[in-house]
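Work through the exercises below with the sequence and the model open. Try each task before reading its solution.

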Amino acid sequence: MSEQGGWFVAGATGYTGRAVVKLLAQQGQPCVAHVRPDSAQLQRWREDFGSLGVQVDSTHWEADAMQARFLELRPRGVFALLGTTRKRAQSAGVSAAQHYQDVDYGLTKLLIDAVEGLGESAGRRFVYLSSMGVSEGTRSAYLSARARCEAALRQSSLDYLVARPSFITGPTREERRLGERYAASVVDACLTALSWVGWRKPKQSFGSIDDEGLARALLAGAQDPSLSRCVLHAAQLQELARMQ
């Protein structure tokens with residue numbers, strides 16, 4: 001990847017990450033998809049992403065290693081699409097709260113520092129996938145980790161874009177998040193009913209979005225210079241997705 005060449009996608013194997021990588025490949029934009037080096041499916045991802053013409057990177061999640069890799073790649077921008085779950089916390093033998101801080105916050109902060117370490121942050125975008133409901137002082141461990149990420153971006157010198165979608169769900173999601181999918185379907189049904197009687201704003205503000213729609217919105221926002229150091233909420237993300 002050449003100077004200011006392409007995009008680095010962290011969290012590339014996740015629901016949203018896969019869609020972002022696929023969209024970048026379809027648009028012919030240079031892209032590096034990061035897969036953690038200890039992934040049991042690393043070879044699978046090399047083959048899947050390789051079939052799209054996308055380079056796979058498996059740099060260790062260590063500050064020095066990621067900093068050195070970014071100095072080599074000098075990416076145009078970074079998509080930070082990282083996240084974990086309570087189930088993964090149980091598998092790791094730690095509390096969900098600690099796992100959210102270690103993964104959702106810790107790895108994102110590592111990326112922020114690595115991009116800032118380039119010393120040439122101007123023109124390099126940092127797109128962070130956050131969540132609806134993020135606020136300072138929240139009691140939710142999940143939202144607290146994301147609030148810390150957003151605070152770190154505000155304190156940085158980066159040209160960032162924060163996305164706060166509502167439910168991210170769809171039929172192609174491999175993870176069995178049945179509760180989330182059920183809640184999204186119930187909420188969407190209620191919001192649709194409200195829109196039928198003229199109340200369209202609630203659906204725009206709280207309706208779910210699928211992986212492809214969110215990918216379109218994130219990429220459109222990433223390439224819009226007017227959306228600098230700002231937060232996009234669900235309605236704005238859905239509007240960007242429709243415009244593409």
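**Exercise 1: The sheet**

The sheet is open and has 7 strands, ordered β3-β2-β1-β4-β5-β6-β7, with parallel pairing. The model is a predicted one.

Task: Which are the edge strands?

Solution.
- Step 1. Read the two ends of the order β3-β2-β1-β4-β5-β6-β7.
- Step 2. These ends are β3 (55-57) and β7 (230-233), and each of them pairs on one side only.
- Step 3. Add the twist: on average, neighbouring strands of the sheet are turned by 20° against each other, direction ignored.

**Exercise 2: One strand pair and the helices on the sheet**

Task: Over how many bridges do β1 and β2 pair, and which strands does helix α1 touch?

Solution.
- Step 1. Locate strand β1 at residues 7-10 and strand β2 at residues 31-34; they pair in the parallel sense over 3 bridges.
- Step 2. Pick one bridge: tryptophan 7 has cysteine 31 of β2 as its partner.
- Step 3. Place helix α1 (residues 15-26): this helix packs on the sheet and touches β1, β2, β4 (77-80) and β5. The direction of α1 makes about 160° with that of β1.
- Step 4. Place α6: this helix packs on the sheet too, touching β5 and β6 (159-164). The direction of α6 makes about 165° with that of β5.

**Exercise 3: A helix pair**

Task: At what angle do α5 and α6 pack, and how far apart are their axes?

Solution.
- Step 1. Recall the description: two packed helices are characterised by the angle between their axes and the distance between the axes.
- Step 2. For α5 and α6 the angle is about 15°, and the axes lie 8 Å apart.
- Step 3. Apply the cut-off: angles under 35 degrees count as roughly parallel. The helices α5 and α6 are therefore roughly parallel to each other.
- Step 4. State the hand: the crossing of α5 and α6 is right-handed.
- Step 5. List contact residues. From α5 they include Ala97, Tyr100, Tyr105 and Ile112. From α6 they include Ala141, Tyr142, Cys149 and Leu153.

**Exercise 4: Salt bridges**

Task: How many salt bridges does the structure hold? Take three of them and place each in the fold.

Solution.
- Step 1. The count is 10 salt bridges.
- Step 2. Start with glutamate 72 and arginine 69, whose closest N and O atoms are 2.7 Å apart. Both residues sit in helix α3 (residues 63-73), 3 residues apart, about one turn of the helix. Glutamate 72 is exposed at 54% relative accessibility, whereas arginine 69 is buried at 17%.
- Step 3. Go on to aspartate 113 and lysine 109, with closest N and O atoms 2.9 Å apart. Aspartate 113 and lysine 109 are 4 residues apart in helix α5 (residues 96-116), so about one helical turn separates them. Aspartate 113 is partly exposed at 36% relative accessibility; lysine 109 is partly exposed at 26%.
- Step 4. Take glutamate 136 and arginine 154, where the closest N and O atoms are 3.2 Å apart. Glutamate 136 lies in the loop between β5 (125-129) and α6 (141-155), and arginine 154 lies in helix α6, so this pair ties together parts that are 18 residues apart in sequence. Glutamate 136 is exposed, at 58% relative accessible area. Arginine 154 is partly exposed, at 42%.
- Step 5. Look for shared partners: salt bridges join Asp57, Arg69 and Glu72 into one network.

Conventions
Residues numbered from 1 in each chain as written. Predicted model: local features only at pLDDT ≥ 70, side-chain atom pairs only at ≥ 80, totals over all residues. Heavy atoms only, no water. Salt bridge = Lys/Arg side-chain N within 4 Å of Asp/Glu carboxyl O. Buried < 20%, exposed > 50% of the residue type's maximum accessible area, 1.4 Å probe, protein only. Pairing = 2+ DSSP bridges. Axes fitted to C-alpha atoms, helices over the stretch in contact; angles between N-to-C directions. Contact = heavy atoms within 4.5 Å. Parallel < 35°, antiparallel > 145°, perpendicular 65-115°, else oblique. Left-handed = near helix turned anticlockwise from the far one by under 90°.
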